[in-house]
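Open your viewer, switch to a cartoon view, and keep the selection tool handy. We will go stop by stop, with something to pick at each one.

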Amino acid sequence: MSSKVRSNNWSQLLAWVAGGMFVLGFFNDPIGAWTGPILGVWFVGTQKPVRGFLWMLAFAFIPGLLMDWRKFPMADAKQIPAYLALMLLAAVLGVLPFTFHRLTSTRLNGLLSTLPLPIAVVAMHMLARPMLHLGVGAGTGVATFLTFWFATVVVWMWNNEFRARRVAAGAGIFAVIFMVGEGVLMFSRTGVMAMNAMGAFSWVCLGGAILVSLWAVFHSEKRPRWAKKPETVALLRSPFTGEALHVISEQGRETLVSGGGERFPIRDGIPAFLRPEDLTGDNGKYNHLYETIGGFYDDTQRVFCAFRGVDRDSYFMNYMEMLEAKPGDSVLETSVGTGLNFKYLPRGVKLSGLDLSPEMLAGCQTNLRRWGMEADLYLGNAESLPFADSSFDVVFHVGGISFFNNKGKAIREMIRVAKPGSLLLIEDETEDYAKSTYERIPITSSYYKNRKEAITVPIDLVPAEMEDIRLEMLKDGKFFAITFRKPLTAVDEEIAGDGGFELALQCSELAPALRG
């Protein structure tokens with residue numbers, strides 16, 4: 001039985017207070033000076049670098065143009081191009097530090113990862129003054145640095161879920177430096193020495209930005225080579241022919257190849273098993289949605305839970321506790337998304353996840369890095385899994401199957417790759433939840449309204465030979481959870497009777513190798 005989802009009133013109160021401050025920041029400049037950079041840092045972190053730069057540029061240029069319409073040179077048409085070019089230049093120079101932070105912060109650890117933006121902003125201000133004819137004010141460098149550093153520290157703590165053991169030391173160091181910096185500003189607002197000090201500080205920030213750039217270039221993230229994972233590769237099969245795969249390396253890039261010549265590239269550490277036809281129908285429709293929202297999928301879920309006063313851990317454990325995973329088990333989640341469920345599995349399991357969306361898998365890689373966890377990730381279709389029979393101790397799916405092209409095939413594939421005796425879990429939303437939530441959210445409503453068919457619980461698609469088939473409705477009927485067990489084979493049952501269940505499972509693992 002699942003546990004009840006708990007409420008968290010303190011989290012709800014803090015969410016509404018914080019949300020109110022961000023809304024107020026749009027109308028109050030002193031507050032917006034602090035909340036604006038926080039939103040900017042958060043947003044670029046949810047996007048791919050180029051897309052994030054273009055969106056931020058639009059956010060900076062268009063509102064700026066509208067707000068300063070009185071300065072628009074209406075009387076002299078010849079000045080309009082020069083005015084627009086200057087406004088665009090100012091917007092570009094304002095956005096570049098955020099893009100710099102997006103590209104470099106992931107290469108740094110802990111509190112150091114919060115420094116690229118503030119040093120880049122101060123350096124950019126110094127370099128932009130001659131181009132934009134800006135004045136120089138004493139204290140500008142340090143004040144700007146502290147404001148933008150505050151923004152990156154807040155987002156860093158948010159990304160680490162404000163967990164004390166992850167952020168306490170860094171937050172403490174920041175608080176001390178911040179207070180010292182503010183104290184210095186109070187006593188050095190004017191004077192030639194103060195102006196010189198601010199100039200020197202700007203040059204220090206420029207030097208820091210150059211060093212961070214060099215570090216990012218020469219210390220790129222190195223992902224584990226698949227050639228060094230022979231046990232994992234031995235379980236892989238072509239999802240189209242079922243042939244075994246092996247790794248080859250060409251010009252420093254790894255590829256999975258079958259005996260028949262099929263080739264599956266490995267990009268950013270993730271083997272790709274997709275074909276164009278995998279992205280047709282509902283699969284393609286909803287994959288487009290997740291490619292759009294993938295960058296901020298986790299954050300919207302956190303905010304939603306906070307505003308509703310829902311304890312997030314109990315929300316996940318509501319269904320994850322149904323699994324029978326234990327340390328040492330091999331675990332596969334189909335439609336893994338950003339990997340949020342991985343946190344609620346026992347430490348010591350061997351994690352694997354497959355998803356149709358590259359954007360969601362990129363988010364999963366980011367989460368795994370933050371959590372200090374490892375998993376083998378695959379880009380593929382849950383209706384055609386790239387694994388050998390009986391490969392995993394635990395197989396489960398959370399969210400998405402209601403909108404698959406072929407739900408029955410996806411369920412049969414889960415059963416095929418699970419070891420005999422395994423308990424499988426399928427959890428997803430009901431029609432009630434889709435109507436009350438997805439159809440009302442602007443960004444998702446167009447995908448869920450006017451669907452050809454309503455969501456039905458796919459328990460009738462579970463093969464009759466499965467054992468212990470159970471259906472449980474969760475969260476006031478908004479979600480369903482189906483669990484069932486893959487039966488042992490006749491040989492497994494005979495061995496289990498003679499030597500125990502564990503021996504049966506061990507023999508089922510050896511069977512494919514003996515047949516090969």
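Start by selecting helix α10, residues 281-293. Show α11 (297-308) and α16 (442-448) with it, since they are among the elements covering the buried residues of α10. Those buried residues are Asn 283, Gly 284, Tyr 286, Asn 287, Leu 289 and Ile 293. An α-helix has 3.6 residues a turn, so residues three or four places apart point the same way. You can also check the length of α10: its 13 residues should span 18 Å at 1.5 Å a residue, and the end C-alpha atoms are 19 Å apart, which agrees. Keep in mind throughout that this is a predicted model.

Now zoom out for a moment. The protein has 18 helices and eleven strands. Of its 516 residues, 48% count as buried. Among contacts with a separation of 6 or more, 67% link residues 24 or more positions apart.

**The sheet**

Next, colour the strands β5 to β11. In what order do the seven strands of this open sheet stand? Reading across, the order is β7-β6-β5-β8-β9-β11-β10, and the pairing is mixed. The edges are held by β7 (375-379) and β10 (467-474); each has a single partner strand, so one side of each is left without a neighbour in the sheet. On average, neighbouring strands are turned by 15 degrees against each other, with direction ignored. Strands of a sheet pair through backbone hydrogen bonds, either parallel or antiparallel, and you can visit both kinds here.

Begin at the β7 edge. Select β6, residues 350-355, together with β7: the two pair in the parallel sense over five bridges. To find one bridge, pick Leu 351 and its partner Ala 375 in β7. Then add helix α13 (residues 358-371), which lies across β6 and β7 and runs at about 170 degrees to β7.

While α13 is on screen, click on Asn 367, which sits in this helix. Is Asn 367 buried or exposed? Its relative accessible area is 5%, so Asn 367 counts as buried. Beyond its neighbours within four places in sequence, Asn 367 is in contact with Asp 298, Thr 338 and Leu 340.

Now cross to the other side of the sheet and select β11, residues 479-485. Six of its seven residues are buried, so β11 is largely enclosed by the rest of the structure. Strand β9 (residues 423-429) pairs with β11 in the antiparallel sense over seven bridges; look for Leu 425 opposite Thr 483. Strand β10 also runs antiparallel to β11, joined to it by six bridges, and here Glu 467 stands opposite Arg 485. Follow β10 into the hairpin that leads to β11: four residues lie between the strands, and Lys 475 takes a positive phi near 50 degrees.

**Two more positive phi values**

Select Gln 251, in the loop between β1 (245-250) and β2 (253-258). Gln 251 has a positive phi of about 55 degrees although it is not a glycine. At 85% relative accessibility, Gln 251 counts as exposed.

Then jump to Asn 450, in the loop between α16 and β10. Asn 450 is another residue other than glycine with a positive phi, near 55 degrees. With a relative accessible area of 78%, Asn 450 is exposed.

**A buried lysine**

Next, go to Lys 229, in the loop between α8 (192-218) and α9 (230-233). Its relative accessibility is 18%; because buried means under 20%, Lys 229 counts as buried. What does the side chain of Lys 229 make a polar contact with? Show the side chain of Asp 376, which makes that contact at 2.8 Å. Leaving aside neighbours within four places in sequence, Lys 229 is in contact with Pro 224 as well as Asp 376.

**Last stop: cysteines**

Finally, pick Cys 205 and Cys 305. Cys 205 is buried at 3% relative accessible area, and Cys 305 is buried at 4%. How many disulfides does the model contain? The count comes to zero, taking a disulfide as a pair of cysteine sulfur atoms within 2.5 Å.

Definitions and conventions. Residues are numbered from 1 along each chain as its sequence is written. This is a predicted model: local features need pLDDT of at least 70, side-chain atom pairs count only at pLDDT 80 or more; totals for chains, interfaces and linings use all residues. Side-chain values use heavy atoms; hydrogens and water are left out. Buried means under 20% relative accessible area, exposed over 50%, partly exposed in between (1.4 Å probe, protein chains only). A polar contact is a pair of N or O atoms within 3.5 Å; within protein, one must be able to donate a hydrogen and the other to accept it, and residues adjacent in sequence count only if both atoms are side-chain atoms. Contact means heavy atoms within 4.5 Å. Two strands pair if DSSP finds at least two bridges between them. Axes are lines fitted to C-alpha atoms, for helices over the stretch in contact, and angles run from 0 to 180 degrees between N-to-C directions. The expected span of a helix is 1.5 Å times one less than its number of residues.
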